[in-house]
Amino acid sequence: MRSAHLAVRVPALTPEAAFSHLQDFERYPGLADAVLHVSVYGTSDATSRSTWEVAFRNGVLRWTEADETDPQALTIAFRQTEGDFAEFSGSWSVAADADGCAVTFDCTFDFGIPSLAGVLEPIAERVLKETILQILHGLFGPVLSVKDKAPGAPTPSSLAGQH
């Protein structure tokens with residue numbers, strides 16, 4: 001099982017405004033090249049389902065997830081219910097910060113192919129982080145800082161020129 005963590009600071013935006021942008025999953029294909037398609041359905045006050053198609057290596061990863069939104073806590077928890085991963089779950093969260101807000105993405109995933117985990121999962125983690133950063137940049141513009149638990153994480157200066 002592999003995990004990925006990213007945290008960014010978004011200046012001059014309230015946590016509520018950032019959360020509103022963040023939960024608009026159907027906008028993501030226009031923000032990141034790897035996100036080919038997202039459909040959201042079955043929405044209620046707190047739960048929905050979404051289907052995803054994301055380019056990965058020479059193919060497309062597909063999955064459906066259950067999404068639980070908590071507007072009071074400014075969190076979205078997701079869990080794959082069917083699809084190409086053996087396991088995939090995680091969360092988005094937004095919190096107030098010094099002059100804006102902080103947005104955090106955490107996930108764990110497993111392709112369920114132990115013999116290829118050492119090769120596939122590091123590549124998937126890198127592609128996932130790059131894609132999440134493209135989405136965040138598309139939603140919020142240049143971010144002030146990036147915190148990443150893994151070595152080799154993009155720096156704020158590497159994100160500032162992305163559009």
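**A first look at the fold, its core and its pocket**

Arginine 57 is exposed in this predicted model, as its relative accessible area is 56%. The residue sits in the loop that joins E3 to E4. Arginine 57 also has a positive phi, about 55°, although it is not a glycine. A second non-glycine residue with a positive phi is leucine 74, where the angle is about 60°. Leucine 74 belongs to the loop between E4 and E5. Its surroundings can be read from its accessibility: with a relative accessible area of 9%, leucine 74 is buried.

These two loops are part of a protein chain with 3 helices and 8 strands. Followed from the N terminus, the elements run β-α-β-β-β-β-β-β-α-β-α. The protein chain has 163 residues, and buried residues make up 42% of them. Of the contacts with a separation of 6 or more, 49% are accounted for by residues 24 or more positions apart.

One pair of residues brought together from separate parts of the chain is glycine 30 and isoleucine 135: they are 105 residues apart along the chain, and 8.7 Å separates their C-alpha atoms. Glycine 30 is located in the loop between H1 and strand E2 (35-41). Because its relative accessibility is 71%, and exposed begins over 50%, glycine 30 counts as exposed.

Attention now turns to the interior. In soluble globular proteins, nonpolar side chains tend to be buried together. Here, the largest nonpolar core holds 44 residues, and the members that touch the most others are Tyr28, Trp92 and Val103. Helix H2 (residues 117-140) contributes the largest share of this core, with 11 residues. Valine 103 gives a closer view of the packing. Apart from neighbours within four places in sequence, valine 103 is in contact with Leu6, Ala7, Val8, Val10, Leu22, Trp92, Ser93, Val94, Leu136 and Phe140.

The next residue along, threonine 104, lies in strand E7. Threonine 104 counts as buried because its relative accessibility is 17%, and the cut-off is under 20%. With neighbours within four places again left aside, its contacts are His5, Leu6, Ala7, Ser91, Trp92 and Ser93. Leu6, Ala7, Trp92 and Ser93 thus appear among the contacts of valine 103 and also among those of threonine 104.

Helix H1 (residues 15-22) has Pro15, Ala18, Phe19 and Leu22 as its buried residues. Seen down the axis of H1, these residues fall within an arc of 100°, so they line one face of the helix. An α-helix has 3.6 residues a turn, so residues three or four places apart point the same way. The buried residues of H1 pack against E4, strand E5 (75-83), strand E6 (87-97), strand E7 (100-110) and H2.

Finally, the largest pocket has a volume of about 160 Å³. Its lining is made up of Gln23, Phe25, Val40, Thr43, Ser44, Asp45, Ala46, Thr47, Ser48, Asp67, Thr69 and Ile76. Strand E3 (47-56) and strand E4 (59-70) each supply at least two residues of this lining. By residue class, the lining divides into 6 polar, 4 nonpolar and 2 charged residues.

Terms used
Residues are numbered from 1 along each chain as its sequence is written. This is a predicted model: local features need pLDDT of at least 70, side-chain atom pairs count only at pLDDT 80 or more; totals for chains, interfaces and linings use all residues. Side-chain values use heavy atoms; hydrogens and water are left out. A nonpolar core is a set of buried Ala, Val, Leu, Ile, Met, Phe, Trp, Tyr and Cys residues joined through side-chain atoms within 4.5 Å. Buried means under 20% relative accessible area, exposed over 50%, partly exposed in between (1.4 Å probe, protein chains only). Helices (H or I, at least four residues) and strands (E, at least two) are DSSP runs, numbered from the N terminus. Contact means heavy atoms within 4.5 Å. On a 1 Å grid over the protein atoms alone, a cavity is a set of points where a 1.4 Å probe fits but cannot get out, and a pocket is an open set with protein on both sides within 12 Å along at least five of seven lines; lining residues have an atom within 4 Å of a point. Grid points are joined across faces, edges and corners, and a volume is the space filled by probe spheres set on the points. Ala, Val, Leu, Ile, Met, Phe, Trp, Tyr, Cys and Pro count as nonpolar, Asp, Glu, Lys and Arg as charged, and the others, Gly among them, as polar. The arc is that of the directions from the helix axis to the C-beta atoms.
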